[in-house]
2 protein chains.
Amino acid sequence: MASYGCQLFSVLSRRLCRVRCTAAPSARALRLSAGRLHPAVGQGTDALTGGHGTDALTGRLDRFGGVTVDLAHTGLPPDISEGDFGSLLREGVGRWRAEGRVAVWLRLPISLSRCAAAAATLGFTFHHARADQATLALWLGPGASRLPGYASHQVGVAGAVVDESNGKVLVVQDKNKTLNAWKFPGGLSELGENIGATAVREVQEETGVCSEFLSLLSVRQQHDQPGAFGASDLYLICRLRPLTYSIDFCTEECLRCDWLPLAELARTEETTPITSRVARLLLHGLERGWGAVDLPMETLPAVHSGRFYQLYHRGLPLA
Amino acid sequence: MASYGCQLFSVLSRRLCRVRCTAAPSARALRLSAGRLHPAVGQGTDALTGGHGTDALTGRLDRFGGVTVDLAHTGLPPDISEGDFGSLLREGVGRWRAEGRVAVWLRLPISLSRCAAAAATLGFTFHHARADQATLALWLGPGASRLPGYASHQVGVAGAVVDESNGKVLVVQDKNKTLNAWKFPGGLSELGENIGATAVREVQEETGVCSEFLSLLSVRQQHDQPGAFGASDLYLICRLRPLTYSIDFCTEECLRCDWLPLAELARTEETTPITSRVARLLLHGLERGWGAVDLPMETLPAVHSGRFYQLYHRGLPLA
């Protein structure tokens, strides 16, 4: 699951299951040009072939039967017109369709973004864009597009910093809300930032309090989140241990900031339902032991990639 | 947290904290034109003003001091050249900079994507793009850009379908992996799909088994996920109850599919570390009661929006 390949296979399989896929069986990148397949060689460019009478767009074939054309590496004239690119792309799409390809991915640098308008006339739409590159896609297979989507969620993290010596927790009131309710300091994860790191950073930025990550307490999923540009939102609340206690809160962002008794936060109406719920959870943990409410985190190595991931689940008895 | 406003305030506040923000205090949309601010009126367009000697781009001011220009509603000529748009935008950016605006958001329909190239020459970059629209942004405030990012995570969900009558769990082996390891069926969430719904759908698509959602078991975060177009990945494993037991697995996607004893899955090496871990967790739950491992889900109403969200955390004693 969760990889482009698997996901594409998954979406492909929804209706194609048990119908032989057009994908090549090998995972090797293949080079597709002028209707012929030949193995990719390390040329570094998907050259806009020339000297054959007519130029033709070339792309790389993936093992799922999709073709990727990267305009940063085609040697296209930087001032190519929408009309000229549209003609090139129309020829390419016709060729790939005849070859039974299921999709075309088109990557373009922002300086060639006019090519997106030309692609749109052939049915391409934006898949995603970031910084100085956009990726468009066109589904050629049967039925509706079954291409995998782009990242669908923003991740917000809040930190519940509990002072166990007095049963108090660090809370803020946002400055720019109509309802000034107590809540845990928090904010959006930056790309590549671990959940716990977001919680610690946001707590420090909003309140001046330094802390360390202990566990994950709750997960909330909400769709069509306001301010998320149409994306969904996962909001995670972590339990943190305070390393400093003195409050020096951000007056631009917060109206108030205080250490509030958990029992008070659990019963006050001057809070959000989710904060109230987590306050009860924390009170329960404080009274019965944190093992009752925590999801501890472990960092583990990924099987093949050499990367590491963070895994959260209920504690297990020692094996 | 987690809304554009809060996030922007949060990022703004990182270095601007205690420095008076340029944002207007009111949340009312304001219309910005020709260097003057006047309240937005319901014209439905951010008109490209004419008849004043020179045309000028107009945009809406947000309460954080950013300006949004939506090219779908400016009345721009559909064939406006990159050069002409670049001149218009250069004038606008100069004006907004002089007015102390902190950012410019530029929304453009794919048919006007050539305007992105013109914007890039002024320092704009893609913020995100989807379907037939791209959004670019330019930071005008002090220091590095502090604009909120777009959705950073794809969400993959797997379903552990446990047959409590015999202690077996439903597992598959992916067809297209070098390592054919047993794992739980799963796949990527579609935009707007609840976690539990993804698990149930993917299990049915891959194995033919119908099931219902019971609880969340584990959360894994991994960055720079292969196949995620540079995004991070949250991989959630849910516990499901089988409603049917007969396997009719997708032969395009899966090599094998079986009901395996949990005890066997927990000790075999023919699996992934995370599957093995969750198998032990499930075994523990089967033996000690599911309360030991589950994060139950509740659907709750959001405070203001009329929407609902799903909240997952450890069970609480009845109040």
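**Close-up 1. Arg239(A) over Trp290(A), in a predicted model.** Here the charged end of Arg239(A) sits 3.9 Å from the centre of the Trp290(A) ring, right over it. For a charge to sit over a ring, NZ of Lys or CZ of Arg has to be within 6 Å of the ring centre and within 35 degrees of the ring normal.

**Close-up 2. Arg220(B) over the face of Tyr309(A).** This time the distance to the ring centre is 5.4 Å.

**Close-up 3. Trp105(A) with Phe229(B), an aromatic pair that crosses between chains.** The two rings are tilted, with 45° between the planes and 5.5 Å centre to centre. Rings of Phe, Tyr and Trp (its six-membered ring) pair if their centres lie within 6.5 Å; planes under 30 degrees apart are stacked, over 60 edge-to-face, and the rest tilted. Trp105(A) is buried at 4% relative accessible area, while Phe229(B), at 24%, is partly exposed. (Buried is under 20%, exposed over 50%, partly exposed in between, with a 1.4 Å probe and protein chains only.) Add Tyr150(A), and you have one aromatic cluster with Trp105(A) and Phe229(B).

**Close-up 4. Leu88(B), a buried residue.** Its relative accessible area is 12%. Leu88(B) and Ala118(B) are 30 residues apart in sequence and 10.0 Å apart in space, C-alpha to C-alpha.

**Notes for all views.** Residues are numbered from 1 along each chain as its sequence is written, with chains lettered from A and ligands numbered from 1 in the order written. Local features need pLDDT (the predictor's confidence in each residue, from 0 to 100) of at least 70, side-chain atom pairs count only at 80 or more, and totals for chains, interfaces and linings use all residues; side-chain values use heavy atoms, leaving out hydrogens and water.

Technical notes:
Helix = DSSP H or I, 4+ residues; strand = E, 2+ residues; numbered from the N terminus.
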